[in-house]
Amino acid sequence: MAEKKTAPSPSPSQDLTLGKVRDALIRQEDSIVFALIERAKFPLNAPVYDPSFFPQFGGRSLAEAYASEAEALQAKVGRYQNPEEVPFFPDDLSVPSIIPYNFPQVFHPASASVNVNDAIWSMYFNELLPLITVKGDDGNYASTAAADLMCLQALSRRIHYGKFVAEVKFRDAPQDYTKAIQAKDTDTLMKMLTFATVEEMVKRRVKKKAMVFSRNVTLEDKNCDVEVECKVDPSVVSRLYEQWVMPLTKDVEVQYLLRRLD
Ligand SMILES: C=C(O[C@@H]1C=C(C(=O)O)C=C[C@H]1O)C(=O)O
């Protein structure tokens, strides 16, 4: 019997709903947890982050040089034509060399440029990385930088998805949001867009995903209940969401809404 294929993650368009946007966020949790597991395979590899270790990169660390060049290549083949993608090195991008795909333009033009990638970059390297890696150096610098960029891009896509969340919440209650936007009342906006029960479920689900995705798959069913040593600490993943991912997503939402009437 043919195996059932899962549908691709939903892409918001004109029939944007909060349910669809939340489904996309749930699917992106998988990408984030897998990316973290891939990065945690390597030790910290500190030389990757030390600009003096590779002088040929002109004052940049290997991680920065890799990210900027990889983004330039990805720009050339169209990555940033998709409004879901936000580059970390926007000044280094190449001009796309392909015919643009007609991505649905969902965002209000004045709000589209909201960008918290600097905060994501500094959170990732300064706070998160020491929590998901062991100390050490195994020389796999290129693979380490590639794994870092996968994590950063997955986090950035998720956090900037806050623009879709904000747009759909605005469309669902334009009058209520308009009052708070006109008053530039960020506290009220933050309260209006926060759903504590949803956040609680997100934290519990990502913790569970980290446990499930850490499992070594064997052909013996009896191993299923054996305690596994997790490839990435589930409580770190839940903390990542609680302390950084959800607050940054909500910052994006507030920043987006503040420009929604411009
Ligand atoms: C993304 C949303 O907005 C807020 C942010 C959440 C998140 O980042 O996961 C969850 C709930 C809300 O407090 C949402 O309502 O789904």
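This report describes the ligand site of a predicted model and the pocket that holds the ligand.

**Ligand shell**

The ligand is surrounded by 15 residues. Closest among these are Arg 22, Arg 158, Lys 169, Phe 195 and Glu 199. By class, the shell around the ligand is made up of seven nonpolar, two polar and six charged residues.

For three of the closest residues, a distance can be given between a polar side-chain atom and an oxygen atom of the ligand, as listed here.

| Side chain | Ligand atom | Distance |
|---|---|---|
| Arg 158, N or O atom | oxygen | 2.8 Å |
| Lys 169, polar atom | oxygen | 2.8 Å |
| Glu 199, N or O atom | oxygen | 2.5 Å |

The ligand taken alone exposes 360 Å², and the protein buries 99% of that area.

Four elements each give two or more residues to the shell around the ligand: α1 (18–40), α5 (162–172), α8 (196–213) and α9 (234–258). Of the elements, α9 contributes the most to this shell, with four residues. By number, Lys 169 falls in the 162–172 range of α5, and Glu 199 in the 196–213 range of α8. Arg 22 likewise falls within 18–40, the range of α1.

**The pocket**

The ligand sits in the largest pocket. The volume of this pocket is about 310 Å³. Its lining consists of 21 residues, and those closest to the pocket centre are Arg 22, Leu 25, Arg 158, Val 198 and Val 202. Arg 22 and Arg 158 thus appear both in this group and among the residues closest to the ligand.

The elements that supply two or more residues to the pocket lining are α1, α5, α8 and α9. These elements are also the ones named for the shell around the ligand. The leading contributor is α1 for the lining, with six residues, whereas α9 gives the most to the shell around the ligand.

Sorted by class, the pocket lining holds eleven nonpolar, two polar and eight charged residues. The charged residues closest to the pocket centre include Arg 22 and Arg 158, and the nonpolar ones include Leu 25, Val 198 and Val 202.

Key. Residues numbered from 1 in each chain as written. Predicted model: local features only at pLDDT ≥ 70, side-chain atom pairs only at ≥ 80, totals over all residues. Heavy atoms only, no water. Near = heavy atom within 4 Å. Polar contact = N/O pair within 3.5 Å; in protein donor to acceptor, adjacent residues only side chain to side chain. Areas by Shrake-Rupley, 256 points an atom, 1.4 Å probe, with all protein chains shown as cover. 1 Å grid on protein atoms, 1.4 Å probe; cavity = no way out; pocket = protein on both sides within 12 Å on 5 of 7 lines; lining within 4 Å. Sits in = over half its atoms within 2 Å of the grid points. Nonpolar A, V, L, I, M, F, W, Y, C, P; charged D, E, K, R; others polar. Points joined across faces, edges and corners; volume = space filled by probe spheres on them.
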